[in-house]
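Visitor: I'd like a close look at one part of this model: the place where the chains meet. Take your time, and tell me what sits around it as well.

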Amino acid sequence: MALTAYAAAQTRNLFAVVILSGIFSLLAAVLYVVLNAVDVAFTEAAVGAGISTLLMLATLSLTTDKERAKHQIKIIPLSIVSVTGLLLIFGTLDMPFYGDPNAPTNLHVAPLYISDSMKQTGIPNIVTSVLASYRGYDTFGEVVVIFTAGIGVLALLGHGRNRTRPGKNRNVNLEDENRIS
Amino acid sequence: MAFPGLLNYWIVIILMMIGFYIVIAQGNLIKKIVGLNIFQVSVFIFYISIGKVTGGSAPIINDNIEIYSNPLPHVLILTAIVVGVATTALGLAMIVRIKDAYHTIESDEIDDIESAEKEV
């Protein structure tokens, strides 16, 4: 996976970059299966590897698939990234080990869901029961987010788009975008 | 249990830093979006690997299974993946508009055009 990501950083043909990012998503989905997160793996394979790649390819067809010039390694970003990475690795030294059943994450409310969700909702898949039942309103909010994003995309690309530099229209669209982020 | 120990966090950090580097160092806007996606996936892997329990199985209730992995991170990340695609779509739509307006998707060329306009 790291290799795919690195290749995506180095390649200059944007088509190859997009395909590499699709492969990256698919590898992530495989990793989720290994980590017992089957629902997440489904979603990642369908949405991350499928729809994202499709959207990016569509964008490429509307814009260009050539990246301009060869760029050299830039020192300042590289040092920022290395320092951040080292600080984060320093931060992990206190973290619980991989797969530790006594890690704080696995002790708080998780056992309650595992033991009670079957009785309370009647759905064997705990992820589904939490998503659709306990956190139903949250999932509804997620639908609102997707809807807003859809409106934003339509507002940006919808009919009557002027091919010149956008004027007043553009500010309205920026507001849309801010609301989502 | 020495292996894998903290290795999962380090993999996450390496992926995250590759994504971070793409976002801040590369000028091409589509590449920046790809970098954001890599960053995002690394955070997802972080959450999922936190929820993993050794010897546990996928959190689907079955009478024969004693240990389950933690389902809560899975739920969070399901939501996050979908929201991530929404933001990606919006970003790509903005790139298409930028291409229409400036005829380039390189951020430094856009900067040049903007500063040239200010001087006029």
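Guide: One bit of vocabulary before we dig in: a helix here is a DSSP run (H or I) of at least four residues, and helices are numbered from the N terminus. With that in hand, a small landmark in chain A is easy to place, since A:Asn36 lies in the loop between H2 and H3 of that chain. Keep in mind throughout that you're looking at a predicted model.

Let's stay with A:Asn36 for a moment. Its phi is positive, at about 70°, even though the residue is not a glycine. As a rule, most residues other than glycine have a negative phi. A:Asn36 is also buried, with a relative accessible area of 10%. The helix on one side of that loop, H2 of chain A, holds A:Phe24. A:Phe24 counts as buried because its relative accessibility is 3%, and the cut-off for buried is under 20%. Its C-alpha is 14 Å from that of A:Ile51, a residue 27 places away in sequence.

Now for the chain that carries them. Chain A comes to nine helices and zero strands, so if you read its elements from the N terminus you just get α nine times over. Of its 181 residues, 31% count as buried. Take the contacts in chain A between residues at least 6 apart in sequence, and 43% of them join residues at least 24 apart.

On to the meeting place itself. The contact draws 89 residues from chain A and 78 residues from chain B. In general, the size of an interface is often given as the accessible area lost when the parts come together. Here, the area buried between chain B and chain A is about 7800 Å², and carbon and sulfur atoms give 73% of that. On the chain B side, B:Tyr21, B:Leu90 and B:Arg97 lose the most area to chain A, together 9% of what that side buries.

What about charged and polar pairs across the interface? The rule finds zero salt bridges between chain B and chain A, and one residue pair in polar contact, both partners at pLDDT 80 or more.

As for who does the touching in chain B, the elements that give two or more residues to the side facing chain A are H1 (7-25), H2 (29-51), H3 (71-102) and H4 (107-119). H3(B) gives the most, with 27 residues. Sort that side of chain B by class and you get 53 nonpolar, 16 polar and nine charged residues.

You can also come at the contact from a single residue. A:Gly85 is found in helix H4 of chain A, which covers residues 75-92. Leaving aside residues up to four places away in sequence, A:Gly85 touches B:Ile13 and B:Met17. A:Gly85 is buried, with a relative accessible area of 7%. Follow chain A along for 19 residues and you reach A:Pro104, whose C-alpha is 24 Å from that of A:Gly85.

For a second stop, go to B:Glu114 in helix H4 of chain B. At 34% relative accessibility, B:Glu114 counts as partly exposed. The C-alpha atoms of B:Glu114 and B:Tyr102, 12 residues apart along the chain, are separated by 9.4 Å.

The nonpolar packing takes in both chains too. The largest nonpolar core has 56 residues, and those with the most contacts inside it are A:Tyr32, A:Val40, B:Ile38, B:Ile48 and B:Ile95. From chain A, H1 (2-10), H2 (14-34), H3 (38-62), H6 (110-121) and H7 (126-134) each supply at least two residues, and so do H1, H2 and H3 of chain B. H3(B) gives the most to this core, with 11 residues. In soluble globular proteins generally, nonpolar side chains tend to be buried together.

If you're wondering where a salt bridge does turn up, a search of the whole structure finds one over all chains. A:Asp138 pairs with A:Arg135, their closest N and O atoms being 2.2 Å apart. A:Asp138 is partly exposed, with a relative accessible area of 38%, and A:Arg135 is partly exposed as well, at 22%.

Notes:
Residues are numbered from 1 along each chain as its sequence is written. Chains are lettered from A and ligands numbered from 1 in the order in which they are written. Side-chain values use heavy atoms; hydrogens and water are left out. Contact means heavy atoms within 4.5 Å. Buried area is the accessible area (1.4 Å probe) that two parts lose on being put together, summed over both. A salt bridge is a side-chain nitrogen of Lys or Arg within 4 Å of a carboxyl oxygen of Asp or Glu. A polar contact is a pair of N or O atoms within 3.5 Å; within protein, one must be able to donate a hydrogen and the other to accept it, and residues adjacent in sequence count only if both atoms are side-chain atoms. Ala, Val, Leu, Ile, Met, Phe, Trp, Tyr, Cys and Pro count as nonpolar, Asp, Glu, Lys and Arg as charged, and the others, Gly among them, as polar. A nonpolar core is a set of buried Ala, Val, Leu, Ile, Met, Phe, Trp, Tyr and Cys residues joined through side-chain atoms within 4.5 Å. Buried means under 20% relative accessible area, exposed over 50%, partly exposed in between (1.4 Å probe, protein chains only).
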